[in-house]
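Got your viewer open? Here is a short walk through one structure, with something to select at each stop.

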Amino acid sequence: MQARLSLNQARRLALNSQGLARVRSTEPVTARAVGRTFAQLQLVQIDSVNIISRSHFLPFFSRLGNYDPNILSRMAGAAPRKMMEYWAHEASFIRPVHFHDLRVWQNRTWVGADSLEPGVRDTLEAQILELLAGSRPLTAREVKGRIGHEEHNNRDDWGWNWSAVKRTLEGLFEQGVVSAASRNDQFERRYSLVGKVLPAAVRAACEENPNKAEAMERLIAAAAQAHGIGTVRCFADYFRLPVKESAGAVAALVRKGELEPVTVSGWDADVYVHVKATVPRTAQARALLSPFDSLVFERRRLEQLFGFHYRLEIYTPAQKRKFGYYVLPFLLGENIVARVDLKADRQGGRLEVRGAFAEPGAPARTAVELAGELAHMAVWLGLGEVVVLAHGDLAAALAAALA
């Protein structure tokens, strides 16, 4: 007979698995704590939007509080690397142990390298690989300068107007032939051969061409451990894996005893829990969540567990936005109780709240708790104050709490 969980229990289990169930420690955040959090999450999504902070920095602040983001730069850019870039849930920092498994399931070709003339592409690939074999990590602009490639076509009709060299580098990145050794201050990738980026222990332990079914099982097991609870679609979405093959992996993991089917009151779907997941008696976290946080990856799961309907409105025309450009959900205890549209005004030294909205049933202390979290974020960002602009039903109470 299947175990039965209430929706509240499922919610607490999910938060605990994501490192969002406990009150943050008041001790200084160490590199070890950041590493443990990354191992728990398995990946963090990368995005170039920097309106508050780079998106991959925010999940660690949500879980750990005021920490030094340079720790992440060292984890991703210095040996032995604890994280590396690859395609997973979009562009992501992943654990190196997952690289070969993701590589066999990677089938993205959207960057346009395949649309180059085969002769041009093949020549550029050979030149790039020869250059990177004997050089330090280089940006696309540096690679282009070193090999002396000249553009002979109009690039205005493609993507971000990437050069043929950049497109070829990204194609090699997708294939898992080159990787990003680090990023510069402009957030440009510094490319290197993947063999130079992978930690030696991972190179020795991982097969170059693992069995696809076994690779899928390992990835789904990692996704299930990070989520704690979910459907096949939830687990597949974590690394953006095909659902049909993910279902086969879930069935295999159930047979092996790593996953267990459960019934969740009010969740009308086949739901599974990871055997290592636990349900805390309470969830006491207070956190602002990045739009790219792994807790909010799968929007249907988010709505099912928390009753929170969330859409990113970055690409929505300004006049049609309901809540704002860069809106962060606010988690309090085991509920998402509000959302705020934020911008870091670095020149003015302030964190701007462009909109603040309470969720139905938000507790009376929501504005006070949110004010405390915003003040904490401002300190982390090195900003002197939090300023609330008059937009949203929570704005007045939030301004009063900050005052």
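## Stop one: the strands

Start with Ile-229, whose bridge partner in strand S9 is Val-273. Keep in mind as you look around that this is a predicted model.

Now widen the selection to strand S7, residues 229–230, together with S9. These two strands pair in the antiparallel sense, over two bridges.

Next, colour S9 itself, residues 271–274. Which way do its side chains point? Val-271 and Val-273 go one way, while Tyr-272 and His-274 go the other. Buried or exposed? All of these residues are buried.

S9 has another partner to pick: strand S8, residues 259–264. Here too the pairing is antiparallel, this time over four bridges. To find one of the pairs, select Val-262 and look across to Val-271, its bridge partner in S9.

Then follow the chain from S8 round to S9: the two form a hairpin, with six residues between them. Click on Gly-266 in the turn, which has a positive phi of about 85 degrees.

## Stop two: a pair of helices

Leave the strands and select helix H7 (residues 140–147) plus helix H8 (residues 164–175). They pack at an angle of about 115 degrees, and their axes lie 9 Å apart. The crossing is right-handed.

What meets what here? Show side chains for Ala-140, Val-143, Lys-144 and Ile-147 on the H7 side, and for Val-165, Lys-166 and Leu-169 on the H8 side. Sorted by type, the residues of this contact are five nonpolar, two charged and no polar.

Terms used:
Residues numbered from 1 in each chain as written. Predicted model: local features only at pLDDT ≥ 70, side-chain atom pairs only at ≥ 80, totals over all residues. Heavy atoms only, no water. Axes fitted to C-alpha atoms, helices over the stretch in contact; angles between N-to-C directions. Left-handed = near helix turned anticlockwise from the far one by under 90°. Contact = heavy atoms within 4.5 Å. Nonpolar A, V, L, I, M, F, W, Y, C, P; charged D, E, K, R; others polar. Buried < 20%, exposed > 50% of the residue type's maximum accessible area, 1.4 Å probe, protein only. Pairing = 2+ DSSP bridges.
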